[in-house]
Amino acid sequence: MSTTPAPTTANSTAPPPRSVLRDPAFLRLWTGTTASGLATWALPFVLGLAVLHRDLGGAGLGLVLAARTVGFLVAVAVGGVLADRHSRRAVVLWSALAAAVAAPLLAAGLGRSVVLMAAAAALAGAGQGACRPAFQALTAETVAPERRQQANAAMTMAVRSSTLAGPALTALLAALLDVGTLLLGIGLLWLVAALVPGKGTIGPPKGAASGSAQSTGFRTEFLEGIREARRHPWFLAGLGALVAVIALGYSATSVALPLISRDRYDTEWVLAAAMTAYTVGALGGALVIARLRPRSQGWAAFAGLAAYGFAPLSLVLPVHPVVVVAAYAVAGVGIELFNVPWFTATQREVAPDKLARVSSLDFLVSYGLAPVGLALIAPAIDLFGVTAVLTVCAAACFLVPAAAALTPTARHFGRTDPAATDGRPPL
């Protein structure tokens with residue numbers, strides 16, 4: 001994978017911009033985003049502990065998590081419109097505060113009322129969903145274009161680090177605190193997400209109107225976001241490829257890996273090691289892409305996304321478990337080689353006053369179809385067998401991103417080569 005040489009200009013001897021990690025405004029945003037990501041991850045884990053402690057039944061857990069998902073899917077679309085209509089900082093504040101309020105309600109319903117817990121979980125999911133596109137758009141308002149890839153890499157490294165260290169930290173806290181207290185701790189994380197980030201330093205999006213000046217309805221504004229997304233063939237192609245990998249590849253491996261770890265290898269070690277390798281690989285991929293500027297950024301990103309196919313492929317044949325773990329590490333590297341340029345290109349190419357709506361479409365489709373894939377994979381395995389299902393899913397992971405890469409404008413995730421203008425400051 002080649003990288004473009006630094007452009008030769010009259011200012012080529014000037015020092016590169018300082019690292020984004022030295023920018024106080026970005027660090028505040030990074031802290032808030034990290035806190036929201038950790039809170040989002042921790043809730044289902046803590047609710048799982050509630051089941052172990054018999055404070056919540058299995059059916060109740062399913063109802064609460066389903067309510068949270070519904071709240072997310074509804075709010076992510078609404079949040080995209082609101083974040084383009086109003087201050088992105090204000091949307092982050094109120095959505096995170098809503099999620100923070102949900103935490104004590106969850107604690108109050110624990111062991112008493114599943115209905116209250118489900119309502120609180122829906123509120124928590126709504127807060128999580130509404131803040132996602134707002135955070136994405138606020139990043140574009142806070143970080144200069146030449147440092148956004150670096151910033152997005154730092155964001156994803158924080159999320160992956162939370163995923164890696166979170167279980168051990170939560171298990172340690174669970175030995176000292178009860179589940180209700182842990183739920184209140186999640187509320188404190190949401191307070192950090194609400195209060196720590198500052199306003200964008202680059203300025204509001206051009207053409208955005210204030211809330212009082214809005215004369216169009218929600219449906220019209222949401223459709224404007226869809227029309228903006230359709231202006232970018234690379235975005236639609238990438239979204240289709242991402243859906244294929246999530247709904248088929250990720251869903252298949254999520255269902256099949258525990259079964260194969262148990263039935264083929266007769267140990268839980270393969271399951272734990274593969275999932276850990278995936279997260280470590282994603283961390284490595286984010287670190288690499290923070291510095292790397294491929295000449296054909298879109299093609300490189302689609303190649304990274306296609307690398308997820310090695311995960312289901314490694315489960316097809318009775319290979320040594322080390323091969324499975326290595327395949328998951330490669331998949332983790334590849335997914336971030338796609339994610340970081342994908343977010344960066346969206347922030348660069350999409351009209352600033354429609355960025356949150358287009359981002360909400362990304363999250364809505366990705367998160368919305370994932371449960372569908374999970375629900376269909378298990379019956380498919382029962383009907384056709386695990387080998388056939390994994391083979392089809394692996395083929396889809398390889399072929400759909402390859403087809404998406406042939407879309408016009410896909411080579412550079414835009415109409416021009418972003419490497420011609422992007423700086424390359426170190427992380």
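Mentor: Let's start with the vocabulary: helices (H or I, at least four residues) and strands (E, at least two) are DSSP runs, numbered from the N terminus. This is a predicted model, where local features need pLDDT of at least 70, side-chain atom pairs count only at pLDDT 80 or more, and totals for chains, interfaces and linings use all residues. Residues are numbered from 1 along each chain as its sequence is written, and side-chain values use heavy atoms, with hydrogens and water left out.

Trainee: How many helices and strands are there in the protein?

Mentor: The protein has 14 helices and 0 strands. Read from the N terminus on, its elements run α-α-α-α-α-α-α-α-α-α-α-α-α-α.

Trainee: What span should helix H13 have, and how far apart are its end C-alpha atoms?

Mentor: The expected span of a helix is 1.5 Å times one less than its number of residues. H13 covers residues 355-384, and its 30 residues should therefore span 44 Å; the end C-alpha atoms are 42 Å apart, which agrees. Just after H13, glycine 385 takes a positive phi of about 100°.

Trainee: What about helix H5, how far does it reach from its first C-alpha to its last?

Mentor: H5 (residues 148-174) has 27 residues and reaches 37 Å, close to the 39 Å expected.

Trainee: And where does H5 bend?

Mentor: At alanine 165, by about 45°. The bend at a residue is the angle between axes fitted to the seven residues ending there and the seven starting there. Proline 167 follows within four residues of that point.

Trainee: Why is phenylalanine 363 called buried?

Mentor: Buried means under 20% relative accessible area, exposed over 50%, and partly exposed in between (1.4 Å probe, protein chains only). Phenylalanine 363 has a relative accessible area of 9%, so it is buried. This residue sits in helix H13, and its C-alpha atom is separated by 7.9 Å from that of proline 133, 230 residues apart along the chain.

Trainee: How do you know that alanine 311 is buried?

Mentor: Its relative accessible area is 0%, so alanine 311 is buried. Alanine 311 belongs to helix H11 (residues 310-314). Over the protein's 427 residues, 52% count as buried.

Trainee: What makes arginine 54 and aspartate 266 count as exposed?

Mentor: Arginine 54 has a relative accessible area of 77%, so it is exposed. Aspartate 266, at 68% relative accessibility, therefore counts as exposed. Neither is a glycine, and yet phi is positive: about 65° at arginine 54 and about 55° at aspartate 266. Arginine 54 is in the loop between H1 and helix H2 (58-85), while aspartate 266 lies in the loop between helix H8 (233-263) and helix H9 (269-291).

Trainee: Why is there no bond between the sulfur of cysteine 397 and the closest cysteine sulfur?

Mentor: A disulfide is a pair of cysteine sulfur atoms within 2.5 Å. The closest cysteine sulfur, in cysteine 393, is 6.8 Å from that of cysteine 397, so it is too far for a bond. The structure holds 0 disulfides. Cysteine 397 counts as buried, at 0% relative accessibility, and cysteine 131 is buried too, with a relative accessible area of 1%.

Trainee: What makes a set of points a cavity?

Mentor: On a 1 Å grid over the protein atoms alone, a cavity is a set of points where a 1.4 Å probe fits but cannot get out; lining residues have an atom within 4 Å of a point. Counting cavities of 30 Å³ or more gives 3. The largest cavity has a volume of about 70 Å³, a volume being the space filled by probe spheres set on the points.

Trainee: Which residues line the largest cavity?

Mentor: Among them are Ala39, Arg68, Ala103, Gln128 and Trp190. Helix H1 (24-52), helix H3 (88-109), helix H4 (114-142) and helix H6 (179-195) each give two or more residues to this lining.

Technical notes:
On a 1 Å grid over the protein atoms alone, a cavity is a set of points where a 1.4 Å probe fits but cannot get out, and a pocket is an open set with protein on both sides within 12 Å along at least five of seven lines; lining residues have an atom within 4 Å of a point.
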